Amino acid sequence: MSASANSHSTYQTTHRLTESESTLADSSVAISVTARIDYNLRFAKQAVLVVGDNTEQYSQLASQFLVSLSNVNHSDTQDKHINVAFVAASSKLNDIQIRCRLIEQLFVNTLFDPEKSLAVSVLGFAKQHGESISIVIDHAHALSLQVKYELCQLVTLAKKSKLTINVVLFGLTEAAQQLAINKSLFKNKMAIIDAESGQVIGLDDKKMMITKSASPILLWQKISLVSAILLIGAALTWIYLLIAEDVNNQAFNIKEQTVLESGTLHSLSSPNVNDISDNENTRQMQKKQKTALLELSVHASESSDIVQATSEEINQALMTIQSVTPIKKIPAKAGDVLQALAIADNKIDAEVINILSKETVNQNPAAEITNNYYQSKAKEYENGYVIQIAGFSDERLSDRFLSLYPEENLHSYQKQLNGKEFTVITTKAFPNKTEAKSIIQSLPIQLIERKPWVKPISSVINEINTFKR
């Protein structure tokens with residue numbers, strides 16, 4: 001419709017509704033709301049939002065407002081065209097679709113950019129056509145905040161451009177609450193009317209506050225919840241006590257076992273003073289008995305043929321002495337036993353070793369220095385070799401070494417080393433180097449561990465001659 005027709009119709013409708021409101025104020029709420037809408041459009045010139053608690057309430061008002069726009073008396077105006085756009089908003093429609101529907105209804109067969117704001121596109125077309133425009137949107141709570149703001153801007157700019165563009169929105173109270181949250185954008189730009197009372201609601205009104213709906217908890221629900229919590233607490237306490245008891249029992253068993261083991265180790269490794277003194281006396285008696293037995297064996301060897309005892313026989317004799325003599329048993333570790341056997345095998349006693357070594361040296365002809373042997377073998381073998389096994393600066397040690405391996409047919413000679421006499425022990429002579437090397441692997445393991453090496457007899461003769469000089 002034209003601007004004059006729209007204004008005239010608004011005036012007539014407002015006048016007619018006002019009279020009805022005065023007579024039927026208690027029974028016709030819808031007429032009062034429509035009158036309130038017309039009043040704000042005519043005098044406040046702001047966008048209007050009508051909110052209700054349910055869909056039937058505000059949708060009925062939207063239908064009545066559309067009917068009021070169509071029931072206009074055109075007798076006083078020459079322009080009978082009514083330019084109205086109505087859109088039922090939905091959450092399924094985006095902003096571009098809303099813009100397209102509004103512009104297509106207002107300006108038919110007109111090209112437009114749907115991405116432009118309604119405040120720009122609709123205002124531009126309104127200036128070109130010079131028409132009054134009414135935009136009615138139902139279910140406004142489904143509109144985005146952007147579209148609401150564009151419609152408010154459209155009304156404000158039209159007011160400055162002296163154009164008549166009316167925007168009326170109908171929706172749930174949620175739409176007004178959304179405006180209240182962003183009241184800095186919509187202050188003095190949109191009037192909010194209650195669909196039930198027809199009163200204007202401010203953005204700071206308590207009705208605009210969003211309240212969280214909390215379903216009340218019944219008494220039996222509270223009792224059930226408290227009982228469940230108590231049962232869970234009792235079950236957790238019982239489980240904790242069982243676990244704690246099990247842990248304490250295990251800790252007590254481990255502690256008791258540790259105490260027993262420590263007591264046993266202490267009794268084994270830490271004898272008392274009396275036991276130590278008894279052990280010392282026992283060891284002295286064993287030493288005396290061992291010395292006496294060795295002296296008897298030495299005297300017996302002087303009167304009869306000497307037969308050299310092996311290390312196994314010596315160990316057996318020592319074990320026999322210990323078993324014959326009644327001594328107090330002392331628990332010993334495995335390492336102590338092995339160490340004692342090693343000492344008994346290799347380091348019997350310094351005095352006993354001297355006696356045995358002297359007797360063995362006197363009775364064993366292989367212990368003598370046999371320098372002539374190498375000279376005779378040098379004549380027999382043109383390129384003869386021997387295997388050098390060991391060397392000693394102490395003659396007693398060399399004699400003892402020779403006595404330990406009488407079956408190997410060892411020989412020895414003396415040479416000069418660092419200004420002192422040095423005895424070298426070798427094997428018998430071999431005709432060539434190859435044969436001498438092959439014999440090394442057949443030697444006892446004790447001799448192989450000494451890493452023997454092959455040496456020519458000529459080198460031995462040179463060392464002997466140097467020693468004689």
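What share of the contacts in the protein chain with a separation of 6 or more comes from residues 24 or more positions apart? In this predicted model, the share is 73%. The chain has 469 residues, and 34% of them count as buried. Its secondary structure comprises 18 helices and 10 strands. Let's walk through two sheets, the helices that pack on them, and a pair of loop residues.

**The six-stranded sheet**

One open sheet is built from 6 strands in the order β2-β3-β4-β1-β5-β6, with mixed pairing. At its edges are β2 (84-88) and β6 (200-201), each of which pairs on one side only. If you follow β2 to its partner, you reach strand β3 (residues 133-138), and the two run in the parallel sense over 5 bridges. Within this part of the sheet, Ala88 stands opposite Asp138 in β3.

Helix α6 packs on this sheet and touches β1 (47-52), β3, β4 (165-172) and β5 (190-194); the direction of α6 makes about 155° with that of β4. Helix α7 (residues 173-181) lies across β1, β4 and β5, and runs at about 130° to β1.

**Two helices that pack together**

Helix α6 (residues 145-160) also has a helical partner: helix α4 (residues 95-106) packs with it at an angle of about 35°, and the two axes are 9 Å apart. Their crossing is right-handed. On the α4 side, Asp95, Ile98, Arg99 and Leu102 take part, and they meet Gln146, Val147, Glu150 and Leu151 of α6. Sorted by class, this contact has 4 nonpolar, 1 polar and 3 charged residues.

**The nonpolar core**

Two of those contact residues turn up again in the largest nonpolar core, which has 42 residues: Leu102 and Leu151 are listed with Leu49, Ile135 and Leu169 as having the most contacts inside it. In soluble globular proteins, nonpolar side chains tend to be buried together.

Which residues does Ile135 contact, leaving aside its neighbours within four places in sequence? They are Ala85, Leu102, Leu106, Leu151, Leu154, Asn166, Val167 and Val168.

**The four-stranded sheet**

A further open sheet has 4 strands in the order β8-β9-β7-β10, with antiparallel pairing. Because β8 and β10 (453-456) stand at the edges with a single partner strand each, one side of each is left without a neighbour in the sheet. From one strand to the next, the twist averages 50°. Strand β7 (residues 385-392) and β10 are joined by 4 bridges and run antiparallel; here the bridge partner of Gln388 is Trp453 in β10.

Helix α15 packs on this sheet, touching β7, β8 and β9 (420-426), and its direction makes about 130° with that of β7. Helix α16 (residues 433-440) lies across β7 and β10, running at about 50° to β7.

**Two residues with positive phi**

Most residues other than glycine have a negative phi. Lys45 has a positive value, and so does Asn409. The table sets these two loop residues side by side.

| Residue | Phi | Loop | Relative accessibility |
|---|---|---|---|
| Lys45 | near 50° | between α2 (29-44) and β1 | 45% |
| Asn409 | near 55° | between α15 (395-404) and β8 (411-417) | 41% |

Are they buried, exposed or something in between? Lys45 counts as partly exposed because its relative accessibility is 45%, and Asn409, at 41%, counts as partly exposed too.

Notes:
Residues are numbered from 1 along each chain as its sequence is written. This is a predicted model: local features need pLDDT of at least 70, side-chain atom pairs count only at pLDDT 80 or more; totals for chains, interfaces and linings use all residues. Side-chain values use heavy atoms; hydrogens and water are left out. Axes are lines fitted to C-alpha atoms, for helices over the stretch in contact, and angles run from 0 to 180 degrees between N-to-C directions. A crossing is left-handed if the near helix is turned anticlockwise from the far one by less than a right angle, and right-handed if clockwise. Contact means heavy atoms within 4.5 Å. Ala, Val, Leu, Ile, Met, Phe, Trp, Tyr, Cys and Pro count as nonpolar, Asp, Glu, Lys and Arg as charged, and the others, Gly among them, as polar. Two strands pair if DSSP finds at least two bridges between them. A nonpolar core is a set of buried Ala, Val, Leu, Ile, Met, Phe, Trp, Tyr and Cys residues joined through side-chain atoms within 4.5 Å. Buried means under 20% relative accessible area, exposed over 50%, partly exposed in between (1.4 Å probe, protein chains only).
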